[in-house]
Amino acid sequence: EDEYMEFRRSTLADVDDIMKIIKQAQEYLKSQQVMQWLNNYPNIQVVEQDIKEQNGYVIEDDGDVIGTVTLSFDGESTYDKIYEGKWLSDLPYGVVHRIAIHEEHKGKGISSIIMDNIVKMCHDRSIKSIRVDTHEANKSMKKLLQKTGFKYCGIIYLLDGSKRLAYERLI
């Protein structure tokens with residue numbers, strides 16, 4: 001791991017950097033025909049809310065923000081019903097949302113470093129489960145989840161009815 005890399009809570013001073021990374025991710029997903037992160041989501045209000053609730057994090061390399069993620073311990077109502085499968089556990093869980101890496105830093109294992117930090121934060125709170133969902137066409141996210149020990153559990157539906165693949169990892 002690069003000694004200059006720092007994983008930390010995001011602050012309002014990071015909003016522009018985070019939004020830049022999210023916009024890049026939106027363009028990338030669109031180019032891959034992935035119908036995810038459309039219609040002005042995640043937007044600046046979502047990012048500021050994450051920061052206000054202290055659920056937003058960034059990873060810096062030499063002082064530059066190169067990745068962003070949200071980790072919440074408040075549960076996720078859309079996970080209450082899972083179809084064509086089941087969750088690995090009924091344990092309290094952390095939920096990972098909005099993970100994105102700066103386009104110039106993709107393919108360097110930054111997402112895995114972020115996941116390592118998420119595991120550590122869950123561990124520190126004695127949380128033994130992490131859940132996440134993604135679009136079925138989001139190949140890079142599915143690859144990351146496979147690589148970092150997540151198991152496919154079934155299908156969940158977002159509040160707007162969009163279908164997502166649901167994953168859980170026990171730690």
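Arg131 sits in strand E5, which covers residues 129–134; strands (E, at least two residues) and helices (H or I, at least four) are DSSP runs numbered from the N terminus. The model is a predicted one, so local features need pLDDT of at least 70, side-chain atom pairs count only at pLDDT 80 or more, and totals for chains, interfaces and linings use all residues. Residues are numbered from 1 along each chain as its sequence is written, and side-chain values use heavy atoms, with hydrogens and water left out.

At 5% relative accessibility, Arg131 counts as buried (under 20% relative accessible area; exposed is over 50% and partly exposed in between, with a 1.4 Å probe and protein chains only). Setting aside neighbours within four places in sequence, Arg131 has contacts (heavy atoms within 4.5 Å) with Tyr79, Trp87, Ser89, Asp90, Tyr93, Gly94, Val95, Val96, Tyr167 and Glu168. Three of those names turn up again among the aromatics: ring pairs link Tyr79, Trp87 and Tyr93 into a cluster.

The whole structure holds 5 aromatic pairs, where rings of Phe, Tyr and Trp (its six-membered ring) pair if their centres lie within 6.5 Å, with planes under 30 degrees apart called stacked, over 60 edge-to-face and the rest tilted. Phe7 and Tyr57 are a stacked pair, at 5.4 Å centre to centre and 5° between the planes. Phe7 belongs to strand E1 (residues 5–9) and Tyr57 to strand E2, so this pair ties together parts 50 residues apart in sequence. Phe7 is buried at 18% relative accessible area, and Tyr57 is buried at 6%. Tyr152 and Tyr167 make an edge-to-face pair, because their ring centres are 5.6 Å apart and their planes stand at 70°. Here the link runs between strand E6 (residues 151–157), home of Tyr152, and strand E7 (residues 163–170), home of Tyr167, so parts 15 residues apart in sequence are tied together. Tyr152 is partly exposed at 43%, whereas Tyr167 is buried at 8%.

Now for the empty space. On a 1 Å grid over the protein atoms alone, a cavity is a set of points where a 1.4 Å probe fits but cannot get out, a pocket is an open set with protein on both sides within 12 Å along at least five of seven lines, and lining residues have an atom within 4 Å of a point. Grid points are joined across faces, edges and corners, and a volume is the space filled by probe spheres set on the points. The largest pocket comes to about 1200 Å³. Its lining counts 46 residues, of which Gln36, Trp37, Ile99, Asn138 and Met141 are the closest to the centre. Strand E4 supplies the largest share of this lining, 6 residues. The search also turns up 1 cavity of 30 Å³ or more, and the largest cavity has about 60 Å³ of space. Tyr57, from the stacked pair, is one of its lining residues, which also include Ile18, Val47, Asp50, Thr68 and Arg98. H1, H2, E2 and E3 each give at least two residues to that lining.

Helix H3 rounds things off. Its 15 residues should span 21 Å at 1.5 Å a residue (times one less than the number of residues), and the end C-alpha atoms are indeed 21 Å apart. Since 11 of the 15 residues are buried, H3 is largely enclosed by the rest of the structure. Among the buried ones are Ile110, Ile114, Asn117 and Cys122. Just after H3, Ser126 takes a positive phi of about 60°.
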